[in-house]
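Visitor: I should like to go through the charged side chains and the criteria by which they are classified. Please set each value against its definition.

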Amino acid sequence: MDSTSGDVSSREISVEVVDDFDKLNSEFSHRPMARMMPPLSTIGQGFQRMTGLLSSWVTDLAARAAGFYATPPMDGYCLVSAPLQGSTWPERGELRDSYRGDNVGVWHKYHPGATREPDGWLTMSNVYAMYEPDPYNTPYNAGITSARPLNLTMMAGRTQSLSSYVAAYWASGHMLRVACTGSREIRAQMIAADGTVTNMALITPTAAGAWTTVTARFRPSGSASLTVELTTDTGASATGSATPLSTAGMFTAPITQVRVYAPAGCYIAGAQVSFSSLSPASSWSRTAAIRPSTPLRNMILVPGLTTRSAGELLKAQAEAEISALWIDEDGRLQYRDRASLLSGSVVKTLTSRRDLLGLSWSTDSQDARRKVTVKYRDAAVSITRRSTLVAYEGQKEELREGEDQEVLIEPPEDEEWLMVDSTPRTILSDFNADKFNSGEGSFIGFTGLNKDGDEYAFFDGSAADYRMAFELVGTRAWRTTLSIPKMPPNVDRVITQSRSEDTSAIKKSYRSRGLPLLRCMGKGKWTDQEVTPGITGPSWATDLTHDASWFIQYRADALALANEIAQATADPLPVFESIPIRPDPRLQLGDKVQVQDPDITGLSITGVICGVDQSVKAGEHTMTVSLIVTKVDAAYPTLGEFDTWHAGKTLAEFEALWSGQTLAALDAAPLSR
């Protein structure tokens, strides 16, 4: 209830009721993201991280920013949270390894898979991912305590063929794990470094029921015992205990790794490791239902998002993908692609004899389109295992004593920079020349010049002073500042470049480089593309251009979308808006209905409710619905269809066909003979 108003001279009160759409005004930021990310290490260790990026990850990212969750929200003292709604990329913690889980321990240059679950969320399969816990959310004295139990949470798909799990590792090699077996039995396990498994507690498939979320909560019992409580979103629970190995460090040492694993045929989501007295499995309910397109759309690259409104991003994505976005009667955010929206089952039939109070419709030839073009953005990403890709090189500007320089660095509109080295080293004349010669990492600095423009050491034993700073601004911008309060006696000015003279210790290929010199481990390049399908409409109609922006990045996906739009606009169906009906509050946005008018028009119209308008006053309740029409059937043939059916027949032959039949029989089925 948003507001209430009335007048003392009247008994009438007006109440304005709104949904939670205002929550979508929440703003958030996120760094650029690629389907294949560079290694977490910047010094040549590790491999590319195969995240399996899908467009649904963007949907879930924005929904979570606004407080709508398809998987559990982050728990308190959360070390790692990976929703796994179309990518292994976490919302908390660092992703160290990610690849297809065919052979754990052997890196694959393949992405994990994903599938849609019927309740409006996704799971990932054939996946192995390793995460590093967020140190800033690791509590002091980071072990498990009675007041601060350890929670391991996971979601499992309806189908499992083998075991999948979420596990927390200590430096000793011991771990605690919550697992779902091939029969969907739930187990809480303690596993020693040598692989010895202790099953601490379990819930059978029968006892667990149709569960999707489970939390294993571990806490000490005394000084030498560890207890666990398993809880599910169906209310099932089980407890158990075990004695941890003395070398495990579970009561005193921090968790060093979190691993998520689901082999082929297993489906996992909502992985989370946290310290909390609450169970995420039993304390949350789904507030977002995300049903993306089928097949799921891969993404190559996601641009950096800076203070972006969650609602604006979701709306832009829905418009690009021609999907539907709304908040339902239970306050749940619904994101549904057009195909699944229109292919649902009919929930109610509205008839002119019982439900309809009117049936107005319209057709407009201007809705037809001759040709459809879909614009989209293709992306190409270059990845290195070290910070060697040059993102930005300074302009080689000169400064004198008392002068200041400030440079704001941003990627061009058609580029994204991944894993920029934002901790630059200093290069001053030959100082740090050995590191500069490595060709790795970012650098800030300058070179001193005398009055003749020859290079001269800035530090020659005389008094000198300079100030340099470098900072990250938002998610895709950097600022560097330089000031020279005092020059040494023999230095007239400085230039923001590395040394250029042959006497320099800097190698020839790195001389005279502009500063600051910003390097990264990945660069994405956007290119604008477009496709036009073969389906065409009337020759007299205008053309339609649909801009899918970066939300669609593959030609095949863009062409499929273009075909769908072209089919809908080549011969548009009639529009039915504000159909007055006898009120039925059970009808909601997204419901599929059938409207039947056998008496006047003979039409049967199938459509999805895209608008509901209700007015309630004392003794009065009115309701109208608007439809996205998916099908129109006529109960009676048109005159043209009648002529075609009986083409070539003489009047005598026609009379012979209907000899002995009544006029009512002819009216009821004119094409039956």
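Visitor: Why is the pair Asp337 and Arg116 called a salt bridge?

Guide: A salt bridge requires a side-chain nitrogen of Lys or Arg within 4 Å of a carboxyl oxygen of Asp or Glu. The side chains of Asp337 and Arg116 meet at 3.5 Å, N to O, so the criterion is fulfilled. Asp337 lies in the loop between strand S26 (333-336) and helix H5 (338-342), and Arg116 in strand S9 (residues 113-117), so the pair ties together parts that are 221 residues apart in sequence. Helices (H or I, at least four residues) and strands (E, at least two) are DSSP runs, numbered from the N terminus.

Visitor: On what basis do these values rest?

Guide: The model is predicted: local features need pLDDT of at least 70 and side-chain atom pairs count only at pLDDT 80 or more, while totals for chains, interfaces and linings use all residues. Residues are numbered from 1 along each chain as its sequence is written, and side-chain values use heavy atoms, with hydrogens and water left out.

Visitor: What makes Asp337 buried or exposed?

Guide: Buried means under 20% relative accessible area, exposed over 50%, and partly exposed in between (1.4 Å probe, protein chains only). Asp337 has a relative accessible area of 6% and is therefore buried, whereas Arg116, at 29%, counts as partly exposed.

Visitor: How do you know that Arg499 and Asp430 form a salt bridge?

Guide: Their side chains meet at 2.9 Å, N to O. Arg499 lies in the loop between strand S37 (493-495) and strand S38 (517-531), and Asp430 in the loop between strand S33 (425-428) and helix H6 (433-436), so this pair ties together parts that are 69 residues apart in sequence. Arg499 counts as buried at 11% relative accessibility; Asp430 counts as partly exposed at 28%.

Visitor: What makes Asp633 and Lys631 a salt bridge?

Guide: The closest N and O atoms of Asp633 and Lys631 are 3.6 Å apart. Asp633 is partly exposed at 31% relative accessibility, and Lys631 is partly exposed at 44%. Elsewhere, salt bridges that share partners join Glu398, Arg400, Asp492 and Arg493 into one network. The structure holds 31 salt bridges.

Visitor: Why is Arg519 said to have no salt bridge?

Guide: Arg519, in strand S38, is buried, and the nearest side chain of opposite charge, Asp421, is 7.5 Å away. Lys and Arg count as positive and Asp and Glu as negative; His and the chain ends are not counted. The side chain of Arg519 does reach the backbone oxygen of Gly439 at 3.3 Å.

Technical notes. Polar contact = N/O pair within 3.5 Å; in protein donor to acceptor, adjacent residues only side chain to side chain.
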